[in-house]
Amino acid sequence: METESQPIRHVTLELIRKRSEHNERLVSNLEEIALHQEDLQAIGPVLPRACGSSLRILLLQNNVISRLDPKEMKFFKQLEYLNLALNNIQVVKGIGHLEFLNKLDLTLNFICIDRLEESIDCLSQMRSLKELYLLGNPCMNLKRGGFDPEEGRLYVIAKLPHLEFLDGDAITRSQRLRARQRLVELEKQLKILTMEYCQCSDVKKYQQHHMNGGETAELTSHCPEDRVTMSNECAKQKAEKDKNEKAHQPKFKSEKDVEQDQLQAVDKVRRVEKEKGDDIKQCNEGRWEFWFDEEKQPGYLTLGVGVQKHLSSSLIDVDVHPTFVSVVIKSKVLRVKLPTEVKAGECTAQRITTTGYLIITMPKLHESSKQPILLTAASHQGSKGESAKKSGRQCLQQELVSDAKERLNGSVKLQGLVKNNTNDSAASESNIQNTLHLDIVEKSTTRKSTNGNDVCDQGSQSDEDDFDDDGPPPLV
């Protein structure tokens, strides 16, 4: 039962936002919300004022709501479907003004026979009501002091002529005729059942007596009071569980808290770097992607850092030293040593608008340095790093080709160009040298000319042989 120490549980704004994820947590234009199994005891003032004017579907099944307050229900002017199944409703009132309500579910509540007439009179005001569920209420159960199910159905049909469905079954024309014919008889029967119900001093014993066919037995625990007690226990356990989960969850930090943490981290890092001087160690606490480039702008060394696009620039602090760079990004340090000394006082830092990357441009102290700088990333390598790596490889390739051209000028030594894997490699080498020697002697002999036709003819013939020979030129 409700006590002063336990306030009534009703719908809160936090619960509404939690259950409105399908509407991007927007409350003012919410049209549908499901608040089932939340151990609610009342609707409360928050839900009607927050989204009552736009709400069309309200699902409140499986709670412990005992009544509907007219002051709260007057805000639901556009409501079309109201589900109050499995609650503690004992009488229906306060919703007669809902002119657009066409479906009402009151399954498994506690509407007894003595409050049935009052409830039906309230429902008769809603001309748009087409579908009603009363299954599982004591008023529709003969064993619990109510109507016989068939007679109770006829009574509701006669009193609500605008209904089209009752307990999920369509209302036929013959049922309407029978209901009108028996309306007077059913009203008299209702008065008799109500008098018997009210004359009983103990309603629980009366219901249990009829439920067991006239024999008194142990009372059932299914009553509004017991449901409230069980709901209180469940709500208490749920509150403790939520409290433990929130205690283990990381606390959400506001923008001011994040900026304050950034300032504290910067002060600490700069103090450590000042104490150690140049004897500093490299680190990449945030595992940021970074790369070097000196080809884009001659005489300058460029350091790029892959910072997120939407990260605020107030959370980035850059400090350039002649031999290293220190960047604090969201309280995490990126410190790298430079391959060449730079002019720390003339450096610039800026961010790219499209990608958000941080670009630090540093003029070299010695501009004559031609050492190529390749990719230097401590963790990840991205598209920027790959381009820097390719440019470094091309530069190195060009230098190797130029050096090879300088060294290849002059004569070529054929010895050792072909590797001979046979055992008699030495013999083969000597044979090749002898063959070359004989060829050289023969060629040189033909070139010597003396006075005489034979010698001239021999020389001309040798010249022709020189042109026709496809073999390699003689070694000199």
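The legends below describe close-up views of a predicted model.

**View 1. The whole chain combines helices and strands.**
The secondary structure comes to 13 helices and 15 strands. The chain has 476 residues, and buried residues make up 35% of them. Its exposed surface is about 30400 Å². Carbon and sulfur atoms supply 50% of that area. Among contacts with a separation of 6 or more, 61% join residues 24 or more positions apart.

**View 2. Four strands form an open antiparallel sheet.**
The strand order is E9-E10-E15-E14. Strand E9 (290–293) and strand E14 (348–351) are the edge strands. Each of these two pairs on one side only. Neighbouring strands of the sheet are turned by 20° against each other on average, direction ignored. In a regular strand, side chains alternate between the two faces of the sheet.

**View 3. Edge strand E9 pairs with strand E10.**
Strand E10 covers residues 300–305. E9 and E10 are joined over four bridges, in the antiparallel sense. One residue pair can be picked out here: Asp-293 has Thr-302 in E10 as its bridge partner.

**View 4. Strands E14 and E15 make a hairpin.**
Strand E15 spans residues 358–363. Four bridges join E14 to E15, and the two strands run antiparallel. Ala-349 finds its bridge partner in E15, at Ile-360. Six residues lie between the strands of this hairpin. In the hairpin, Gly-356 takes a positive phi near 85°.

**View 5. Helix H4 packs on helix H5.**
Two packed helices are described by the angle between their axes and the distance between the axes. Helix H4 covers residues 116–123, and helix H5 covers residues 149–159. Their packing angle is about 35°, and their axes are 10 Å apart. The crossing of H4 and H5 is right-handed. H4 brings Leu-116, Glu-117, Ile-120 and Asp-121 to the contact. H5 meets them with Tyr-155, Val-156 and Lys-159. By class, the contact holds four nonpolar, three charged and no polar residues.

**View 6. Helix H5 also crosses helix H7.**
Helix H7 runs from residue 183 to 199. The axes of H5 and H7 come within 10 Å and cross at roughly 115°. This crossing is left-handed. On the H5 side, the contact residues are Glu-151, Leu-154, Tyr-155, Ala-158 and Lys-159. On the H7 side, they are Leu-183, Leu-186, Glu-187, Gln-189 and Leu-190. Six residues of this contact are nonpolar, one is polar and three are charged. Tyr-155 and Lys-159 of H5 meet residues of H7, and both also meet residues of H4.

**View 7. Glu-118 of helix H4 contacts a stretch earlier in the sequence.**
Glu-118 has its place in helix H4. Is Glu-118 buried, partly exposed or exposed? Its relative accessible area is 36%, so Glu-118 counts as partly exposed, between the limits of 20% and 50%. Leaving aside neighbours within four places in sequence, Glu-118 is in contact with Val-91, Val-92 and Lys-93. Lys-93 lies 25 residues from Glu-118 in sequence. In space, the two are 7.9 Å apart, C-alpha to C-alpha.

Technical notes
Residues are numbered from 1 along each chain as its sequence is written. This is a predicted model: local features need pLDDT of at least 70, side-chain atom pairs count only at pLDDT 80 or more; totals for chains, interfaces and linings use all residues. Side-chain values use heavy atoms; hydrogens and water are left out. Buried means under 20% relative accessible area, exposed over 50%, partly exposed in between (1.4 Å probe, protein chains only). Contact means heavy atoms within 4.5 Å. Accessible areas come from the Shrake-Rupley method with a 1.4 Å probe; for residues, only the protein chains shown count as cover. Two strands pair if DSSP finds at least two bridges between them. Axes are lines fitted to C-alpha atoms, for helices over the stretch in contact, and angles run from 0 to 180 degrees between N-to-C directions. A crossing is left-handed if the near helix is turned anticlockwise from the far one by less than a right angle, and right-handed if clockwise. Ala, Val, Leu, Ile, Met, Phe, Trp, Tyr, Cys and Pro count as nonpolar, Asp, Glu, Lys and Arg as charged, and the others, Gly among them, as polar.
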